[in-house]
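Me: Please take a close look at one helix of this model and at the helices that surround it. I would like a single connected account of the packing, with residues given by number.

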Amino acid sequence: SFAALYAVRLGTLKTTVLAEDGREQVAGYHLQGDIIGLDGLGTERHGCGAVALEDSEVCTIPFEHLEELARDLPLQRNLHQFLAREISRDHGVMLLLGSMRAEERLASFLLNLSERYRARGYSSTEFVLRMTREEIGSYLGLKLETVSRTFSKFQDDGLLEVKQRHIRILDQAGLRQLVNNTPC
């Protein structure tokens, strides 16, 4: 049942939903500073589970306390802005899954991660993927083989350097061109 939101203080987590056939679907990839648990706001029940992908720490924010603070302090506008950003991000993921080819999906995912790391003061061109290729595929609506093939293609095209989970973006403009559906 829904009682709190959770702020990722350290580490990375994935959120998952269980499909009717028992398969686990990755619904989100969360970094330090992200808030998880918003899925319970409307239904009073969390629809996702969260799994730490490395040593992680989350801060529990009891929702009743957050509501009290929002009433007493000028937090309500900030809370609404935050919720609007989350809705926009979800719309972006739906667009990604519904209308993009595999290359565009993976490029968009990597550019999004790059920007999120940059916003947190980390390198936007070098990072470690904590999700496996299978989990990335689940998140992007792609098969494991397609994710692996696309990583290899990006490496062959000089867009990335890939060493297991370590990613180095060599050509952000080239990735952006893929997402904008123009040839590199």
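Reply: In this predicted model, helix H6, which runs over residues 172–179, has Gly 174, Leu 175 and Leu 178 as buried residues. These three lie on the same side of H6, because the arc they cover around the axis is only 100°. The buried residues of H6 pack against two helices, H3 (102–119) and H5 (144–156), and against two strands, E8 (160–163) and E9 (166–169). At the start of H6, Asp 171 places a side-chain oxygen within 3.4 Å of the backbone nitrogen of Ala 173.

Of the helices that H6 packs against, H3 also packs with helix H4 (residues 133–140), at an angle of about 105° and with the two axes 11 Å apart, which makes H3 roughly perpendicular to H4. In this contact Arg 105, Leu 106 and Phe 109 of H3 meet Ile 136, Tyr 139 and Leu 140 of H4, and by class the residues divide into five nonpolar, no polar and one charged.

Helix H4 also meets H5, where the axes come within 8 Å and cross at roughly 105°, so that H4 and H5 are roughly perpendicular to each other. On the H4 side the residues are Arg 133, Glu 134, Ile 136 and Gly 137, while H5 brings Leu 144, Val 147, Ser 148 and Phe 151; this contact of H4 with H5 has four nonpolar, two polar and two charged residues. Ile 136 of H4 takes part both in the contact with H3 and in the contact with H5.

Note on methods: Residues numbered from 1 in each chain as written. Predicted model: local features only at pLDDT ≥ 70, side-chain atom pairs only at ≥ 80, totals over all residues. Heavy atoms only, no water. Buried < 20%, exposed > 50% of the residue type's maximum accessible area, 1.4 Å probe, protein only. Helix = DSSP H or I, 4+ residues; strand = E, 2+ residues; numbered from the N terminus. Arc of directions from axis to C-beta. Contact = heavy atoms within 4.5 Å. Polar contact = N/O pair within 3.5 Å; in protein donor to acceptor, adjacent residues only side chain to side chain. Axes fitted to C-alpha atoms, helices over the stretch in contact; angles between N-to-C directions. Parallel < 35°, antiparallel > 145°, perpendicular 65-115°, else oblique. Nonpolar A, V, L, I, M, F, W, Y, C, P; charged D, E, K, R; others polar.
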